[in-house]
Amino acid sequence: MPLVLAPIGREVRIVKIVADDKTKKHLANLGILVDATVTVLSSAGGSTVCRVKEGRLALDRNVAAHIYVA
């Protein structure tokens, strides 16, 4: 399922990122990698806020829709 549809407060694992190489590299620098775990904290408005490692990260809804989690 896309990250934007992930349940709030539950830890999920990233299984696939559908984006161009430049975007994938940028996300990797932020800690968004295949097999990484993230927790969705909020999905209101135009962004999805998630906990990645020790920090929080706000992703644009369009970007979060291309990150698939399980």
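Is Thr48 buried or exposed, and at what relative accessibility? Thr48 counts as buried, because its relative accessibility is 0%; here buried means under 20% relative accessible area, exposed means over 50%, and partly exposed lies in between (1.4 Å probe, protein chains only).

The structure is a predicted model, in which local features need pLDDT of at least 70 and side-chain atom pairs count only at pLDDT 80 or more, while totals for chains, interfaces and linings use all residues. Residues are numbered from 1 along each chain as its sequence is written, and side-chain values use heavy atoms, with hydrogens and water left out.

**Overall architecture**

The protein chain contains 2 helices and 5 strands. Helices (H or I, at least four residues) and strands (E, at least two) are DSSP runs, numbered from the N terminus. Read from that terminus, the order of elements is β-α-β-β-β-α-β. The C-alpha trace spans about 30 × 20 × 20 Å along its principal axes. The radius of gyration of the protein chain is 11 Å, which agrees with the value near 11 Å for a compact globule because the chain has 70 residues. That radius is taken over C-alpha atoms, and the globule rule is 2.2 Å times the number of residues to the power 0.38.

Of the 70 residues, 31% are buried. The accessible surface of the protein chain comes to about 4300 Å², and carbon and sulfur atoms account for 52% of this area; accessible areas come from the Shrake-Rupley method with a 1.4 Å probe, and for residues only the protein chains shown count as cover. Contact means heavy atoms within 4.5 Å. Among contacts between residues at least 6 apart in sequence, 55% join residues at least 24 apart.

**The nonpolar core**

A nonpolar core is a set of buried Ala, Val, Leu, Ile, Met, Phe, Trp, Tyr and Cys residues joined through side-chain atoms within 4.5 Å. The largest such core has 18 residues, and those with the most contacts inside it are Leu3, Ile14, Ile32, Val38, Leu59, Ile67 and Val69. At least two residues of this core come from each of β1 (11-17), β2 (37-42), β3 (47-52), β4 (55-60) and β5 (67-69). The most is given by β1, with 3 residues. Not counting residues up to four places away in sequence, Leu3 touches Val12, Val38, Val40, Thr48, Cys50, Leu59, Ala64, Ile67 and Val69.

**Strand β3 and its partners**

Side chains alternate along β3: Thr48, Cys50 and Val52 point to one face and are buried, whereas Ser47, Val49 and Arg51 point to the other and are not. Two strands pair if DSSP finds at least two bridges between them. The strands β2 and β3 run antiparallel and are joined by 4 bridges, with Val40 opposite Cys50 in β3. Their hairpin has 4 residues between the strands, and Gly45 takes a positive phi near 70°.

On pairing with β4, β3 is again antiparallel, over 6 bridges. Arg51 has Arg56 in β4 as its bridge partner, and Val52 stands opposite Gly55 in β4. This hairpin has 2 residues between the strands, and Lys53 in the turn has a positive phi of about 55°.

**Three residues in detail**

The table gives the location and relative accessibility of three residues.

| Residue | Location | Relative accessibility |
|---|---|---|
| Thr48 | strand β3 | 0%, buried |
| Thr39 | strand β2 | 12%, buried |
| Arg10 | segment before β1 | 45%, partly exposed |

Leaving aside residues up to four places away in sequence, Thr48 touches Leu3, Val4, Val40, Ser42, Ser43, Leu57, Ala58, Leu59 and Ala64. With the same kind of neighbours within four places set aside, Thr39 is in contact with Gly9, Arg10, Glu11, Val49, Cys50 and Arg51. The C-alpha atoms of Thr39 and Arg13 are separated by 8.8 Å, and these residues are 26 residues apart along the chain.

Arg10, leaving aside its neighbours within four places in sequence, is in contact with Val38, Thr39 and Val40. Between the C-alpha atoms of Arg10 and Lys22, which are 12 residues apart along the chain, the separation is 28 Å.
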